[in-house]
Amino acid sequence: MSVDLVIRGTVVTPDATLKNGWVAIEGCTIHSVGTGEAPDAKDTHNGGDAYILPGVIDGQTHAGSYLGLPGIEPTTRSAIAGGVTTLVDMPYDNPEPLSSSTQLSAKIEAIHRYAHANVALYGTVMPGQPLDEVLRLAECGVIGFKISAFESSPTRFPRIDAAMTLDLLEVLAATDLPLGLHNEDQEIVRARVARARAAGSNGIAAHSPNRPPAAELASTAHFLELAASAGAHAHIVHISVPRGFQLVDHYARDGYRATGELCVHYLWFDPERDGEELGARMKVNPPIRPGQIDALWQELVEGRVAFVSSDHSSWPIDNKFTDSIFDAGAGVPGMETLLPAFFTIAKDRGADPARMTADQLSARPAQFFGLYPRKGVLQAGADADIAIFEEAETVWDSSRAKDGLHWSPYDGRRFAGRVARTYLGGELAYDGKSVINTPGAGRFVARGTSRWFQ
């Protein structure tokens, strides 16, 4: 028989890396994977020595935090250029978070109107909100819920108190859905920041000490114990210090459903080395800590990290231009840098970079969010979402990014490769220079049936 497309290259599967391999695609699905003689095909692309990877699943993005639902278009355009075929979007859209089935319907409609890549969705709750919508959102396909222990905005990004958090965990306990937490103790952070302001501390060097590890770890431990009591899945969406992963692992080894996520910028930047150059351009919350890269990498190697994400934020650069670090917006763009940045780290550390990238950026998030093996893997029957990655030294230039933001803390950084092509559902979406699919090519992805905890 003849298939629609054969892609040749070094194919990274769950079991092996296939040099001179191929992926055969029929319609929007992978027909077969192998080496040697490939099926006859209507079209063939020869990637040479490039890696053929499963499309990246970015488990933490904020497409609508600035532009609202229309922000899905530039974020997913950037995603496709970065080899990200499915992004998992957080609920904190402008002007209001996704906390009802009505808002979910509106966001799904926006995805089908604007998206270049597939989008899965977190839901949330608002302070004092009745929890009857939670299971309705779950039935409609959200992949999890997210709340915050710290209030960045009373309307768009509120704090959920411990009593409501426990109630929500108890509602979710009978499901496979995780409850994600932004893990910073509000009282500690506000008191320390007020003290720093009064002392005139304004630069990036003041950011981490005044949102200290104690605030992050106290919030993490509190949440883990609430979830253990309720029997629910507690997920810490960004951990910046090794002890955070060790706390999570302690609960997991005791038989509780507990996981922790690592954002790629914690493996790349250090304020003592990069702070003078970048300033607020490297501000995220929880902060990037000094001297933690080696130890965080070890947490990943030893298996205490669920998966790695970008925590992409769609803030314009003007949001960083403030007199005080405490007034600058927190968050960095990351859709086009997640794959090359992580691959580069893994290569520099002596790991098998292609296999580790396929595991941490594709297979593991697919399993976590209930999408495996439909997504996250190159094998027969999976969706034909594919990234072709060429291994060649590349200097990142954000002025050429597809996100409409045109700034990045990675500007001028050297990566060990670049995304050469991206396929979405078997169709070429990015040709190495331009995003060639159109808004609406991406679809809403509901949570499937795969389970992280058996």
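What follows is a short exchange on helix α12 and an open sheet in a predicted model.

Tutor: This is a predicted model, where local features need pLDDT of at least 70, side-chain atom pairs count only at pLDDT 80 or more, and totals for chains, interfaces and linings use all residues. Residues are numbered from 1 along each chain as its sequence is written, and side-chain values use heavy atoms, with hydrogens and water left out.

Student: How do you know that the span of α12 agrees with its number of residues?
Tutor: Helices are DSSP runs of H or I, at least four residues, and strands are runs of E, at least two, numbered from the N terminus. The expected span is 1.5 Å times one less than the number of residues. For the 16 residues of α12 (353-368) that gives 22 Å, and the end C-alpha atoms lie 21 Å apart, so the two agree.

Student: Where is the kink in α12 centred?
Tutor: On D359, at about 35°. The bend at a residue is the angle between axes fitted to the seven residues ending there and the seven starting there.

Student: Why is α12 called largely enclosed?
Tutor: Buried means under 20% relative accessible area, exposed over 50%, partly exposed in between (1.4 Å probe, protein chains only). Of the 16 residues of α12, 13 are buried, so the rest of the structure largely encloses this helix.

Student: What makes β3 and β19 edge strands?
Tutor: Two strands pair if DSSP finds at least two bridges between them. The open sheet has 7 strands, ordered β3-β2-β1-β4-β15-β18-β19, with mixed pairing. Its edge strands, β3 (29-35) and β19 (427-430), each pair on one side only.

Student: How many bridges join β1 and β2?
Tutor: β1 (residues 2-12) and β2 (residues 17-26) pair over 7 bridges in the antiparallel sense. The bridge partner of R8 in β2 is W22.
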